[in-house]
Amino acid sequence: MLAAAAFVAVAVAADRVRSGTAWKVAAAGLVGLAAFWLLVVLPVVATDRGFVLTAALAALGGALWVGPARKD
């Protein structure tokens, strides 16, 4: 949810939102999703739902890795 909020903030506000702040919010979302994955998904990772949630974690991590992380 935090990653989606960061994306919406950057998309709507364009230059008014500092990219560093949006990156920090998205990183907080990644940490929250990783904690959720560790506590809830890991025991049932072999299911379809586990696969989808693992893919979501990987997608957010990849987006943060390749996305712009300019210092403002």
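**Three helices, end to end**

Q: Do the ends of helix 3 sit where its residue count says, and what C-alpha distance in Å should we expect and find?A: Helix 3 covers residues 48–66, where helices are DSSP runs of H or I with at least four residues (strands: E, at least two), numbered from the N terminus. The expected span is 1.5 Å times one less than the number of residues. For the 19 residues of helix 3 that gives 27 Å, and the end C-alpha atoms agree, so the distance is 27 Å.

Q: Which residues of helix 3 are buried, and on how wide an arc do they sit?
A: Buried means under 20% relative accessible area, exposed over 50%, and partly exposed in between (1.4 Å probe, protein chains only). In helix 3 the buried set is G50, L57, L60 and L64. They share one side of helix 3, because the arc they cover, taken from the directions from the helix axis to the C-beta atoms, is only 95 degrees.

Q: Which residues are exposed on the other side of helix 3?
A: An α-helix has 3.6 residues a turn, so residues three or four places apart point the same way. Opposite the buried side of helix 3, the exposed ones are D48, F51, V52, A58, W65 and V66.

Q: How confident is this model, and where is confidence highest?
A: This is a predicted model: local features need pLDDT of at least 70, side-chain atom pairs count only at pLDDT 80 or more, and totals for chains, interfaces and linings use all residues. Residues are numbered from 1 along each chain as its sequence is written, and side-chain values use heavy atoms, with hydrogens and water left out. On pLDDT, the predictor's confidence in each residue from 0 to 100, the protein averages 76, with 67% of residues at 70 or above. Helix 1 (residues 2–13) is lowest at a mean of 61, while the highest is helix 3, at 85.

Q: How far is A27 from L64, C-alpha to C-alpha?
A: A27 belongs to helix 2 (residues 19–41) and counts as buried because its relative accessibility is 18%. Along the chain A27 and L64 are 37 residues apart, yet their C-alpha atoms are separated by 7.2 Å.

Q: What share of the 72 residues is buried?
A: The protein has 3 helices and 0 strands, running α-α-α from the N terminus. Of its 72 residues, the buried share is 18%.
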